[in-house]
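Colleague: I should like to go through this model with you, beginning with its cysteines and ending with the ligand. Please give the cut-off behind each term when it first arises.

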Amino acid sequence: MENCDALIVGGGPAGSSCAWQLRSHGLDVMVMDKSTFPRDKVCAGWITPAVTEALQLDHEDYARRHVMQPITAFRTGLIDGGDVETRYPTTVSYGIRRRELDNYLLQRSGARLRQGEALKSLQRDGTRWIANGAISTPLVIGAGGHFCPVARFMGAKLGATEPAIAAKEIEFEMTPAQRDDCRVRGDTPELYFCPDLKGYGWCFRKGNYLNIGLGREDNHLLSEQLGNFCDFLKQRGRIPRDIPDNFHGHAYLLYGHSVRKQLDDGMLLVGDAAGLAYPQSGEGIRPAVESGLMAAATIIEANGDYRRQQLQPYANRLAARFGTAAAPAGADPSPLRKFLAGKLLGNRWFTRHVVLDRWFLHANQAALQTT
Ligand SMILES: Cc1cc2nc3c(=O)[nH]c(=O)nc-3n(C[C@H](O)[C@H](O)[C@H](O)COP(=O)(O)OP(=O)(O)OC[C@H]3O[C@@H](n4cnc5c(N)ncnc54)[C@H](O)[C@@H]3O)c2cc1C
């Protein structure tokens with residue numbers, strides 16, 4: 001039997017951020033992931049500066065060996081409608097590749113890694129948990145994404161009754177001919193909303209890589225809308241005509257759309273496992289990182305006593321940062337506001353100050369500070 005102070009299930013941004021912070025306070029942390037890193041993750045790969053700041057990421061060091069595309073503008077509009085370009089005087093976001101960023105953060109965390117191993121069983125043994133019959137720990141942190149087995153253990157009805165966002169995406173390296181045919185610029189990602197405003201498509205260029213995808217509130221229209229979106233981009237001459245068609249799908253919860261238990265005796269959920277993505281934009285990396293860091297701060301304060309009431313400050317921190325699940329901060333626009341937003345999407349002031357600054361960049365919320 002192996003022992004550790006904390007077992008983190010899932011080595012994505014939520015798990016690795018939590019591990020990094022716990023390790024910096026001297027805890028013996030183990031991260032278990034069913035994949036071996038670097039691994040692919042279905043994601044557009046867009047992060048805001050608040051993420052790199054909270055993670056104290058050394059931009060120069062990271063960009064030396066990884067794709068890190070500065071973003072200084074956005075092109076936005078409606079699929080089949082007009083569009084608007086909004087430029088900023090400084091870098092407001094970055095385009096990264098998830099297989100690179102996630103691997104970098106996991107290796108940097110300094111945790112002991114068990115890669116290529118899925119969590120299959122959890123048993124209670126006094127005040128400790130026994131994972132897979134082989135690891136004994138007083139604390140299990142569920143960071144396994146939307147289908148996290150720890151969330152399931154805590155009672156989440158994965159995929160059954162939860163209203164998840166369904167999304168499909170492709171990321172591929174363009175050939176020289178495709179690069180010539182691609183009019184999407186690296187510093188200006190393109191976002192186009194579905195006509196019913198129930199989702200949006202994106203097209204991000206990161207160096208020689210192109211990432212195209214679409215996410216929606218309803219799964220059944222996803223493939224059809226994605227097809228329309230790709231046709232629209234091709235007709236406008238934004239992307240090459242011969243893009244591959246092996247799109248990959250994934251689902252995740254928006255905060256406030258569904259309620260998952262966040263903690264229990266000797267157990268916490270972070271990131272997508274807790275269903276924390278921002279409701280307006282679907283951005284999930286920032287809440288994943290911030291929840292991982294807030295979980296770590298709570299664990300350090302609990303000082304080895306991981307009963308539910310000692311872990312309650314984690315839920316309080318989440319509520320202070322993101323609002324409560326019943327009343328999330330900056331909740332979804334109401335149907336009326338959505339209707340108005342559709343009418344106003346071509347308006348430059350509305351696009352900059354509401355759609356981009358407020359819904360997508362969260363410009364009013366400073367980076368999370370941790371000690
Ligand atoms: C198509 C799409 C595009 C997106 N684009 C963006 C974007 O541009 N920007 C943004 O901020 N957010 C985006 N998101 C959301 C974002 O990807 C997630 O919110 C984010 O990855 C959550 O991080 P996480 O660490 O909680 O989970 P994940 O990144 O999902 O990591 C979970 C880890 O757990 C492991 N795991 C799963 N099950 C087990 C198991 N049984 N045992 C052990 N390990 C397990 C997995 O292998 C994985 O490595 C997008 C999501 C989708 C679907």
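Colleague: Why is the sulfur of C148 in no bond with the closest cysteine sulfur, and in which residue is that sulfur?

Modeller: This is a predicted model, in which local features need pLDDT of at least 70 and side-chain atom pairs count only at pLDDT 80 or more, while totals for chains, interfaces and linings use all residues. Residues are numbered from 1 along each chain as its sequence is written, and side-chain values use heavy atoms, with hydrogens and water left out. A disulfide is a pair of cysteine sulfur atoms within 2.5 Å. The sulfur of C148 is too far for a bond because it lies 12 Å from the closest cysteine sulfur, which is in C18.

Colleague: How many disulfides does the structure hold, and how far from C43 is the nearest cysteine sulfur?

Modeller: The structure holds zero disulfides. C43 is accordingly in no disulfide, and its nearest cysteine sulfur, that of C203, is at 15 Å.

Colleague: Is C43 buried or exposed, and at what relative accessible area?

Modeller: Buried means under 20% relative accessible area, exposed over 50%, and partly exposed in between, with a 1.4 Å probe and protein chains only. C43 falls under the first of these limits and is therefore buried, with a relative accessible area of 18%.

Colleague: Which polar atoms lie by the side chain of S291 in helix α8?

Modeller: Helices are DSSP runs of H or I with at least four residues, and strands are runs of E with at least two, numbered from the N terminus. S291 is buried, at a relative accessible area of 0%. A polar contact is a pair of N or O atoms within 3.5 Å; within protein, one must be able to donate a hydrogen and the other to accept it, and residues adjacent in sequence count only if both atoms are side-chain atoms. A polar atom of the S291 side chain is 2.8 Å from the backbone oxygen of P287 and 3.0 Å from that of A288.

Colleague: Why is helix α4 largely enclosed by the rest of the structure, and what covers its buried residues?

Modeller: Helix α4 (residues 98-108) is largely enclosed because eight of its 11 residues are buried. Among the buried ones are R98, D102 and Y104. Contact means heavy atoms within 4.5 Å; what covers the buried residues of α4 includes α1, β3, α3, β8, β9 and α8.

Colleague: With which side chain does that of D218 make a polar contact?

Modeller: D218 lies in the loop between β17 (209-216) and α7 (222-235). D218 is buried, with a relative accessible area of 13%. The polar contact of its side chain, at 2.7 Å, is with the side chain of R216.

Colleague: Which residues come nearest to the ligand?

Modeller: A residue is near a molecule if one of its heavy atoms lies within 4 Å of it. The shell around the ligand has 18 nonpolar, 11 polar and nine charged residues. Of the 38 residues around the ligand, those that come nearest are D33, W46, R98, D272 and I285.

Colleague: How much of the ligand's accessible area does the protein cover?

Modeller: An oxygen atom of the ligand is 3.2 Å from a polar backbone atom of P13, and a nitrogen atom of the ligand is 3.0 Å from one of G284. Of the 1,000 Å² of accessible area that the ligand has on its own, the protein covers 94%.

Methods. Areas by Shrake-Rupley, 256 points an atom, 1.4 Å probe, with all protein chains shown as cover. Nonpolar A, V, L, I, M, F, W, Y, C, P; charged D, E, K, R; others polar.
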